[in-house]
Amino acid sequence: MRLLEQQGPSTTLAISHIRRATLGAVAFSNTQPFVRELAGRIHVFAHNGHLPGIARSQGLAFDRYHPVGDTDSEHAFCALLERMHGLWGRTTTPPSIQGRLGVVAEFVADFRQLGPANFLYADGEVLFAHGHRRIQRASGRIAPPGLFRLSQQCSMADQSLHTQGVSVVPGFQAVTLIASVPLSAAHWQPFVEGEIVAVSAGMVTTQGI
């Protein structure tokens with residue numbers, strides 16, 4: 001974390017996954033976020049939850065994309081890319097954000113039936129986030145919300161934004177942060193169970209359940 005804070009590369013879209021290993025060996029092949037290429041773009045995926053039986057699920061296909069490691073999260077990523085492949089393969093230009101969101105929505109309808117299914121998925125341009133359920137610290141129960149988000153706009157272009165582990169340099173006017181739990185004292189908005197949002201250029205462009 002200190003390395004990223006002090007020397008991390010500048011970017012307009014970043015995904016970080018810092019959690020205890022709960023399934024599979026502690027190995028690079030099981031380390032999130034997972035990264036794959038599709039249609040000449042780098043696609044990135046991070047998941048929080050437990051999906052028993054996903055490898056045997058009848059509703060998910062693994063024809064073109066196969067896990068390298070042995071986590072349920074990587075299986076989920078491969079299944080999502082299978083569905084995205086058809087959308088990206090039909091055009092030489094990026095499909096519409098609404099079209100991409102539609103594929104994500106169809107995927108999560110099957111995905112969340114297997115267990116807690118909070119995830120971040122980015123295709124290099126748009127970040128899609130799905131909030132479901134997670135273990136709540138206060139009660140110990142698995143319940144919503146699974147994710148929180150905070151959207152802010154800089155009132156002055158020469159001022160930067162700072163929160164735990166994230167710094168936004170001047171010049172970026174819109175910022176959206178999404179995390180498993182609030183990272184600051186600001187008013188983070190909980191995801192409604194099953195909510196999906198699409199974030200582009202730091203702003204929530206569309207959402208649904």
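**A buried helix, two strand systems and a pocket**

Helix α2 is largely enclosed by the rest of the structure, because 14 of its 18 residues are buried (buried means under 20% relative accessible area, exposed over 50% and partly exposed in between, with a 1.4 Å probe and protein chains only). The model is predicted, so local features need pLDDT of at least 70 and side-chain atom pairs count only at pLDDT 80 or more, while totals for chains, interfaces and linings use all residues. Residues are numbered from 1 along each chain as its sequence is written, and side-chain values use heavy atoms, with hydrogens and water left out.

Helices (H or I, at least four residues) and strands (E, at least two) are DSSP runs, numbered from the N terminus. Helix α2 covers residues 72-89, and its end C-alpha atoms lie 26 Å apart, which agrees with the 26 Å expected at 1.5 Å a residue (the expected span is 1.5 Å times one less than the number of residues). A kink of about 30° is nevertheless centred on R83, the bend being the angle between axes fitted to the seven residues ending at a residue and the seven starting there.

Turning to the strands, strand β12 (residues 195-200) has 6 of its 6 residues buried. E195, V197 and V199 point one way from β12, and I196, A198 and S200 the other way. Two strands pair if DSSP finds at least two bridges between them. Strand β4 (residues 126-131) runs antiparallel to β12 and is joined to it by 6 bridges, with H130 opposite I196. Strand β13 (residues 203-208) is also antiparallel to β12, through 5 bridges, and here I196 stands opposite G208. The hairpin of β12 and β13 has 2 residues between the strands, and A201 takes a positive phi near 55°.

An open sheet of 3 strands follows the order β10-β7-β11 with antiparallel pairing. Strands β10 (174-179) and β11 (189-190) stand at the edges with a single partner strand each, so one side of each has no neighbour in the sheet. Strand β7 (residues 148-153) pairs with β10 over 6 bridges, and S151 has T176 in β10 as its bridge partner.

Finally, the second largest pocket has a volume of about 640 Å³. Its lining comprises 25 residues, with H17, R19, R20, A21 and T22 nearest the centre. The elements giving two or more residues to this lining are β2 (41-48), α2 and β5 (134-135).

Notes
On a 1 Å grid over the protein atoms alone, a cavity is a set of points where a 1.4 Å probe fits but cannot get out, and a pocket is an open set with protein on both sides within 12 Å along at least five of seven lines; lining residues have an atom within 4 Å of a point. Grid points are joined across faces, edges and corners, and a volume is the space filled by probe spheres set on the points.
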